[in-house]
Amino acid sequence: MKPTTILLCLSLALGISATPPKSAPGTSLASLQDDVHEITLEDLRDFKYREGKRPPKRIRALDGMRVSVTGFMALGTPEGVEEYQLISDSCGCDGLDKPNHFVLVQLTDETTTFTPDQLTVTGIFSVGEELEDGFVTSLFRLKAESTE
Amino acid sequence: MTGVACSLLLLGLALTSSVSREAVQAERDEQAEESPVEKYVRLAREGKPVVRPQAARRLIEMKAEAAALLVPLCGQNGEGVAALGKDLVAIFGALENSKLRAHLWTSLADGDFPWRPSAASSLASTAVPEEALRYRMLLDDPIGRVRTAAIDALRNVDHREAEPALRAALADQDDRVRRSAAALLADWGDPCALYWLIEDLSREDRFFSLHTGKLARYEAAELLEARLESTHEYSARKAPTEPSNIAAIAGMREELAQKCATVPQLPAVARAGTLSDGDALGLELRSCRRGEFFLRWNVSDVLLVGTGNPARIELPKGTVTRLLASAAEQLSELKGQFWGEPGCDIEQFHYQPDAAKRPRAYRVNKGQAAVEGLRPAELGVLAQHLCKTLPDAPSDDPRIDRLASRVREALAQLGGEIPAAPIAPR
């Protein structure tokens, strides 16, 4: 059962009026502003990543900005989760060896359904290592506002 | 759904949640008892994809202890190696254990082993002179990334007897192999090989959504930066037709001309590719055993074989219109766009009948084990129609030599045999 379905049932049982999930792939969730910075995954990986070392200034300058980035959902992305890795290689043949090889797309109102198609995701970009149990789990994150 | 039904559902969920909480706690207790080496092995196998290589690399510092845990997991004859995953295979060489190194060679000899590029990289990064001849043999491997690893290995053991083989690799179908060969030849004293890298700076080609030209520009620029006095502010981010990039490339050629008196004649496969408009159908095959194929059918009735500067084959008039009609019929019947599980064997159909819209991709992925009926029948029909348009004659151009037979063999390894006779979609 999808998380959205469970939430709907919880709301009904508690007597709360629920609105159906409003997002669907391909639907714009926010009107795009003029200040969307178009970036590429190739640009993001174009530096020698070392754990603990900050990315170049040109990349750090994008922190907090609205960007759009085009790529592919990483192969092996589970269904129904709220985040996925956006990678530059459709086959995923080169793997995800380094944290600067992908952008962690964080969904807000929807969950994943795997597609091998190219995607352009727009949202608020953040830069900086995130650690989990001593391991870097992401360097770039994108809070998705729309996916095309 | 009624409120009562939902309440029952919630009760069920609560019970399930209690059971799953216990399971999670049990798993946590188990993990709390594990040693660091056990933890890193677990994370390298089952952690988040981005964590796996990091966890694997930490095992390198625990060489003997890590090897002692991994050797039994590999099994007597290496039957457990594939299940360890590519990130652990990638560090086998660095653990300096003879059994693990032997497993790497055995795995490489097995065309069905899913992590052959990782095994080759592992051997290359820890290359030893006694294995030099074996690395040379890997230059004939069907997978480009294995051939690239072979060049890295030859570099690491400074095996200069391989120079003729490296010169042959300058005409390799895979651009990554050509670039690696060019860089090594330049490092071994032949600056003329750098012309192969400079040529890649002008690439703009794409294979549907894959920016093959741009990727080539980035890699070539990085290699040149380490080998030329200046790259004259060339930017791989910008198009090669930008005035600043045109000037930068001219500057690099000028610098190189002083070191290399005669500009070499680059083979057709190594020349810069341009954008190809009108590619409507594509077949991308990446088989561990049978190699890689990049095929495009253009609306101008031309078949393009390979990436970069592809081989071009004229097709009878109307061929691609007929193929597009077949594709429209078959793909409209399909439910879904992805079949199989992650692995290094991939067949992907690209469909772009309207150049103004993005292509759609339909992918069949083979994991470690062969799966009967993995490819949907509709894609089987389409593959059959596409294969009928491929030439099958012997050719001096390795890209098109017995192309139809080789593609059929690769398809058989991936999603299964393509029947010669028409098959009915299910």
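Read along the sequence, chain A runs α-β-α-α-β-β-β-β-β, which amounts to three helices and six strands; helices (H or I, at least four residues) and strands (E, at least two) are DSSP runs, numbered from the N terminus. The model is a predicted one, in which local features need pLDDT of at least 70 and side-chain atom pairs count only at pLDDT 80 or more, while totals for chains, interfaces and linings use all residues. Residues are numbered from 1 along each chain as its sequence is written, chains are lettered from A and ligands numbered from 1 in the order in which they are written, and side-chain values use heavy atoms, with hydrogens and water left out.

Chain A has 148 residues, of which 47% count as buried; buried means under 20% relative accessible area, exposed over 50%, and partly exposed in between (1.4 Å probe, protein chains only). Among its contacts (heavy atoms within 4.5 Å) between residues at least 6 apart in sequence, 66% join residues at least 24 apart.

Turning to the aromatic rings, six pairs are found over all chains. Rings of Phe, Tyr and Trp (its six-membered ring) pair if their centres lie within 6.5 Å; planes under 30 degrees apart count as stacked, over 60 as edge-to-face and the rest as tilted. One of these pairs brings together Phe114(A) and Phe338(B), whose ring centres are 4.9 Å apart and whose planes meet at 65°, so the pair is edge-to-face. Phe114(A) belongs to the loop between β4 (103-106) and β5 (118-132) of chain A, and Phe338(B) to strand β5 (residues 338-340) of chain B, so this pair joins two chains. Phe114(A) is buried, at 13% relative accessibility, whereas Phe338(B) is partly exposed, at 25%. In chain B, the rings of Phe207(B) and Phe208(B) are also edge-to-face, because their planes stand at 85° with centres 5.2 Å apart. Both Phe207(B) and Phe208(B) are buried, and ring pairs link them with Phe294(B) into a cluster.

Chain B also holds an open sheet of seven strands with mixed pairing, in the order β4-β3-β2-β1-β6-β7-β5; two strands pair if DSSP finds at least two bridges between them. At the edges stand β4 (311-314) and β5 of chain B, each with a single partner strand, so one side of each has no neighbour in the sheet. From one strand to the next, the twist averages 10°; axes are lines fitted to C-alpha atoms, for helices over the stretch in contact, and angles run from 0 to 180 degrees between N-to-C directions. Strands β6 (residues 345-351) and β7 (residues 360-366) of chain B pair in the antiparallel sense over seven bridges, with Phe349(B) opposite Tyr362(B) in β7(B). Helix α18 (residues 403-414) of chain B packs on this sheet, where it touches β1 (279-287), β2 (291-298), β3 (302-305), β6 and β7 of chain B, and its direction makes about 65° with that of β1(B).

A further helix of chain B, α14 (residues 212-225), has buried residues that include Lys214(B), Arg217(B), Tyr218(B) and Leu224(B). The cover over the buried residues of α14(B) includes β1 (37-40) and α2 (41-44) of chain A, together with α12 (175-187), α13 (194-200) and α15 (243-257) of chain B.
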